[in-house]
Amino acid sequence: MLIVAWEVTAACNLSCKYCRASASSSPDEAELSTEEALAFIDQVAPQKPMIILSGGEPLLRPDLFDLAKHARDRGIRVSLATNGTLLSFEMVERIKRSGIKRVSISLDGPSPEVHDAARGSGSFDLAMRGIDNLHGKVDFQINMTITNENLNQIRATMDLAERLGAVAFHLFFLVPTGRGREEELVTPEEQDEILRWVAEECRRRKIEVKVTCAPQYGRVIREVLTETERKGVMGSSCLAGTNFVFVSRTGDVCPCGYLPVIAGNVREMSFSEIWENSPIFLDLRKKELRGRCGICEYKKVCGGCRARAYAKTGDYLESDPLCSYREARIL
């Protein structure tokens, strides 16, 4: 299934230190209008995608629920990515009525001390209140962005997600785009250690666990888990431009939100034309990678993070600098 992450607005009530969108307190004046947004939904509907409504903080877009309902009526599965602070009882009821199937909430630690350090004072308690309002009404998952400041909080945050009744726990490894900085990254060795721990946890955890922006997990699960144990474990190569696409608030189409290379704009050409014919997407699908990623034996199951390669080198086909695998062999 094609996943479309749609940044519907730049507006946000928080100012998170590593925000990909470099969100602000106000919307971008150039954001897609309601009419343009509805037309975009009509364009992508034949692809039968899942749309993730994101931002900024998508709940600040006034016509958000009109867009969600229109997508639902076109047979599109709709999810919502939010910081959780605006999830009042009334807001949750609107989410439920609009047909949104899942809400993802960002928690970067199991306590205010950890979470608020990145997202602002009081944001943890407000998100927890929002989760409580969602419980029993709309499925929710917890998203955690991993940096060198909270990597020792992963177990406790996963435990919290299970206690709260989340249907999934998704780990996002930071890519230095937007307000994210390279010095906040974990090291390649730390990433590998985390991925091995996550793979081991999948043996006993009932919650769905997914790793994002660390396709090395596709290699790690083959090293840690048996073929039988791997069944149901979510690990794949980088999906950017293959099964995943990002659409900005102004209609720019990119392989993912962390890879800011523009393949086209839906104001200027149809989404299907961009998706099917853009040289950028064709490059990513050919997977003619350079450097260590190009000769690695795990190229097909990993292939490295294309966004992190671009952030480091300016070339989205270059090697992923956050890989610790040292035994690449020529295919």
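Biologist: R308 lies in helix α13, residues 306–313. What makes a run of residues a helix or a strand?

Modeller: Both come from DSSP: a helix is a run of H or I with at least four residues, a strand is a run of E with at least two, and numbering goes from the N terminus. The run 306–313 is the one that holds R308. Bear in mind that this is a predicted model, where local features need pLDDT of at least 70, side-chain atom pairs count only at pLDDT 80 or more, and totals for chains, interfaces and linings use all residues. Residues are numbered from 1 along each chain as its sequence is written, and side-chain values use heavy atoms, with hydrogens and water left out.

Biologist: Why is R308 called buried?

Modeller: Buried means under 20% relative accessible area, exposed means over 50%, and partly exposed is in between (1.4 Å probe, protein chains only). R308 comes out at 1%, so it counts as buried. In α13, R306, A307 and A309 are buried along with R308.

Biologist: How do you know what R308 touches?

Modeller: Contact means heavy atoms within 4.5 Å. Leaving out residues up to four places away in sequence, R308 touches F173, L174, V175, L185, Q191, C213, D320, P321 and L322. As for the helix, the cover over its buried residues includes β6 (168–173), α7 (188–201), α11 (279–286) and α12 (291–295). Just after α13, G314 takes a positive phi of about 80°.

Biologist: On to the strands. Why is β1 called largely enclosed?

Modeller: Five of the five residues of β1 are buried, so the rest of the structure largely encloses this strand. Both faces are covered: I3, A5 and E7 are buried on one side, and V4 and W6 on the other.

Biologist: How do you know which strands pair with β1?

Modeller: Two strands pair if DSSP finds at least two bridges between them. β1 and β2 have five bridges and run parallel, with W6 partnered by L53 in β2. β1 (residues 3–7) and β8 have four, also running parallel, and there V4 is partnered by V245.

Biologist: And what makes β8 and β9 a pair?

Modeller: They have two bridges, in the antiparallel sense; the rule asks for at least two, so they pair. One of those partnerships sets F246 opposite C254 in β9. The hairpin has four residues between the strands, and G251 takes a positive phi near 95°. In β8 (residues 244–247), F244 and F246 point one way, V245 and V247 point the other way, and all are buried.

Biologist: What makes β7 and β10 edge strands?

Modeller: Start with the whole sheet: 10 strands form an open sheet in the order β7-β6-β5-β4-β3-β2-β1-β8-β9-β10, with mixed pairing. β7 (208–212) and β10 (264–265) each have a single partner strand, so one side of each is left without a neighbour in the sheet.

Biologist: Now the cysteines. How do you know how many disulfides there are?

Modeller: A disulfide is counted when two cysteine sulfur atoms are within 2.5 Å. By that rule the count is zero. C293 is in no disulfide, as the nearest cysteine sulfur, that of C323, is 6.3 Å away. The sulfur of C323 has its closest cysteine sulfur in C302, at 5.9 Å, which is too far for a bond. C293 has a relative accessible area of 10%, so it is buried, and C323, at 12%, counts as buried too.

Biologist: What makes an empty space a cavity or a pocket?

Modeller: On a 1 Å grid over the protein atoms alone, a cavity is a set of points where a 1.4 Å probe fits but cannot get out; a pocket is an open set with protein on both sides within 12 Å along at least five of seven lines; lining residues have an atom within 4 Å of a point. Grid points are joined across faces, edges and corners, and a volume is the space filled by probe spheres set on the points. One cavity of 30 Å³ or more turns up. The largest cavity holds about 120 Å³ of space. It is lined by 14 residues, and the closest to its centre are R292, C293, C296, C302 and C323.
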